Amino acid sequence: MPVSGPLPFSQASENNKLPIMGVLQRHLQDRTTVLEIGGGTGQHAEFFSSQLPQLVWQSSDVPDQVETLNLRIAAAKNANLPAAIAIDVDEADWNSRRFDAIFTANTLHIMSQASVTSLFKGLCQSIQLGGLLLVYGPFKYRGDYTTQSNARFDLWLKQRDPSSGIRDFEWVNELAKGAGFELIEDNAMPANNQLLVWRSVST
Ligand SMILES: C[S@@+](CC[C@H](N)C(=O)[O-])C[C@H]1O[C@@H](n2cnc3c(N)ncnc32)[C@H](O)[C@@H]1O
């Protein structure tokens, strides 16, 4: 695909990619395939694939975002970064093979609760037994925001789209358990975010 004009850009992705990389490095250094859900601008895919050259980083997004995502992926020309594929977590069949790990950033508070439920249902078809699920973003714990700024962010999200919003860690962890994952880490990250890591113990 020819690339013209500025590539899609998110300042938040630029700010969080290094701290996220620190966690990914520990978990993904011996893995060979990763599926990314909701790749957005492709900045994460470009950076993480360049830092983890031993693995293939397969990014994806909803069908109408894939072309945008592929602008940066095509420009990056990283050998281990194939063109993004279309995955809408609301579709029952993701039509994907199984991966060693699944990564998603800043998606659970954008999707509706029904879509988050669909995401966890769909994960089972795309993860190897023993595979890792890494989810980055803001969460509430026991119904409380971790900071006032996350409370304001949640209000802003809901004004924009009432079906969106910061999710309860406990609810997400129950979905993960139901999908055959056990929590192995909850990393506090800069800017009031978490990076949660689960391992698939049954598929
Ligand atoms: C806030 S952006 C985050 C993009 C990127 N991961 C990042 O951290 O910069 C949310 C992403 O979730 C994707 N998304 C929303 N609904 C989705 C769905 N039903 N299935 C898959 N991806 C979805 C959007 O298209 C968008 O790329």
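The paragraphs below lead through a predicted model, taking one helix, the surroundings of the ligand and one sheet in turn.

Helix 3 covers residues 63-76 and thus 14 residues. From its first C-alpha to its last it reaches 21 Å, which is close to the 20 Å expected at 1.5 Å a residue, and along its course it bends by about 30° at Leu69. Leu69 is also one of the buried residues of this helix, a group completed by Asn70, Leu71, Arg72 and Ile73. Among the elements that cover these buried residues are helix 2, at residues 43-51, and strand 2, at residues 56-61. Beyond the end of the helix, the residue that follows is Lys77, whose phi is positive, near 55°.

Turning to the ligand, the model places 21 residues around it, of which Gly38, Gly40, Val89, Ala105 and Asn106 come nearest. When the residues of this shell are sorted by class, 11 are polar, 7 are nonpolar and 3 are charged.

The last region is an open sheet of 3 strands, arranged in the order 7-6-8 with mixed pairing. Its edges are formed by strand 7, at residues 144-145, and strand 8, at residues 167-168, each of which pairs on one side only. In general, the strands of a sheet pair through backbone hydrogen bonds, and they do so either parallel or antiparallel. Here strand 6, made up of residues 139-141, runs antiparallel to strand 7 and is joined to it by 2 bridges. Looking across from one strand to the other, the reader will find Tyr141 opposite Asp144 in strand 7.

Methods
Residues are numbered from 1 along each chain as its sequence is written. This is a predicted model: local features need pLDDT of at least 70, side-chain atom pairs count only at pLDDT 80 or more; totals for chains, interfaces and linings use all residues. Helices (H or I, at least four residues) and strands (E, at least two) are DSSP runs, numbered from the N terminus. The expected span of a helix is 1.5 Å times one less than its number of residues. The bend at a residue is the angle between axes fitted to the seven residues ending there and the seven starting there. A residue is buried if 20 or more other C-beta atoms lie within 10 Å of its own, exposed if 12 or fewer, and partly exposed in between; C-beta atoms are placed from the backbone. Two residues are in contact if their C-beta atoms, placed from the backbone, lie within 7 Å. A residue is near a molecule or strand if its C-beta atom, placed from the backbone, lies within 6 Å of it. Ala, Val, Leu, Ile, Met, Phe, Trp, Tyr, Cys and Pro count as nonpolar, Asp, Glu, Lys and Arg as charged, and the others, Gly among them, as polar. Two strands pair if DSSP finds at least two bridges between them.
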